[in-house]
Amino acid sequence: MCSLQPQTQSFLTLSMANSYPSFLTYPSSIRIYKLKFRTLSCIQEFSPNALRRKSNPQWRGGFSLGVDLGLSRSGLALSKGFSVRPLTVLELRGQKLELQLLEMADKEEADEFIIGLPKSWDGKETPQSNKVRSIAGRLAVRAAERGWRVYLQDEHGTSTDATYRMTNLGLGKSARRKSSDAYAAVILLERYFATSGKDIEIVLPKQMDLQEKLRRGAPPDIDFSPEEFVG
């Protein structure tokens, strides 16, 4: 078992390009781990749905909620099986947004959040990145109580790709303006599954009891695991 013991630092980041850890200072309630899939056994304990699907094409369940966070609008997309579709756009902020995201995940039976992390063309983080990390951190604590995971995925270029997608679908200017954030979340989820989640960061609560809940995962759904409910 991968041991994630509390450190004096608030976050541990493991880069895909460098297997040596670097430490950053962030709010103390959560940590962010960038997982190097080939070298870390930890990924088996907190496997994203994209990796589970790659490992087992017959695997079912584990819906994913993509989130494109904005200053005033946040787009949502949903992946069920191999289908990714725009879901809605929320015009909420702060705690109201976080609670609504949890409610949407519960309604859509999602067990993980894929949140877009703003980066520039050269891969560097932007001033907006810290705001997104803070929101993701608070959400991760609430989500872990339910056994749901929170990941960060590079969102660079998703808005541009979303505009091309909507134009190709024939959406008018008004429809594109209303749906652009949701389609950006679609692109985010498609990118996540196309790469089998290899570039994501997992956001982990510092509390060990919440990490244990993540290891156990969400309660099984009878629709996907009927054998577990047979007496």
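This is a short conversation about reading helix packing in a predicted model.

Colleague: How do α2 and α3 pack, and at what angle?

Modeller: Start with the two helix axes. In this predicted model, helix α2 (residues 94-108) and helix α3 (residues 127-144) have axes 10 Å apart, at an angle of about 45°. That makes α2 oblique to α3, and their crossing is right-handed.

Colleague: Which residues in α2 and α3 meet?

Modeller: From α2 come Gln95, Glu98, Leu99, Leu101 and Leu102, and they meet Ile135, Arg138, Leu139, Arg142 and Ala143 of α3. Sorted by class, this contact has six nonpolar, one polar and three charged residues.

Colleague: Why do residues three or four places apart point the same way?

Modeller: An α-helix has 3.6 residues a turn, so residues with that spacing face the same way. Now look at α3 here: its buried residues include Val132, Ile135, Ala136, Leu139, Ala140 and Ala143.

Colleague: What span should α3 have, and what does the model give?

Modeller: Allow 1.5 Å a residue: the 18 residues of α3 should then span 26 Å. The end C-alpha atoms of α3 are 27 Å apart, which agrees.

Colleague: Are α4 and α5 roughly parallel or roughly perpendicular?

Modeller: Look at the angle again. Helix α4 (residues 158-168) and helix α5 (residues 173-194) cross at roughly 115°, and their axes come within 8 Å. That makes α4 roughly perpendicular to α5. Their crossing is right-handed.

Colleague: And which residues of α4 and α5 meet?

Modeller: Among them are Ala162, Arg165 and Met166 in α4, and Tyr183, Ile187 and Glu190 in α5. By class, the contact of α4 with α5 has seven nonpolar, five polar and five charged residues.

Definitions and conventions
Residues are numbered from 1 along each chain as its sequence is written. This is a predicted model: local features need pLDDT of at least 70, side-chain atom pairs count only at pLDDT 80 or more; totals for chains, interfaces and linings use all residues. Side-chain values use heavy atoms; hydrogens and water are left out. Axes are lines fitted to C-alpha atoms, for helices over the stretch in contact, and angles run from 0 to 180 degrees between N-to-C directions. Helices (H or I, at least four residues) and strands (E, at least two) are DSSP runs, numbered from the N terminus. Angles under 35 degrees count as roughly parallel, over 145 as roughly antiparallel, 65 to 115 as roughly perpendicular and the rest as oblique. A crossing is left-handed if the near helix is turned anticlockwise from the far one by less than a right angle, and right-handed if clockwise. Contact means heavy atoms within 4.5 Å. Ala, Val, Leu, Ile, Met, Phe, Trp, Tyr, Cys and Pro count as nonpolar, Asp, Glu, Lys and Arg as charged, and the others, Gly among them, as polar. The expected span of a helix is 1.5 Å times one less than its number of residues. Buried means under 20% relative accessible area, exposed over 50%, partly exposed in between (1.4 Å probe, protein chains only).
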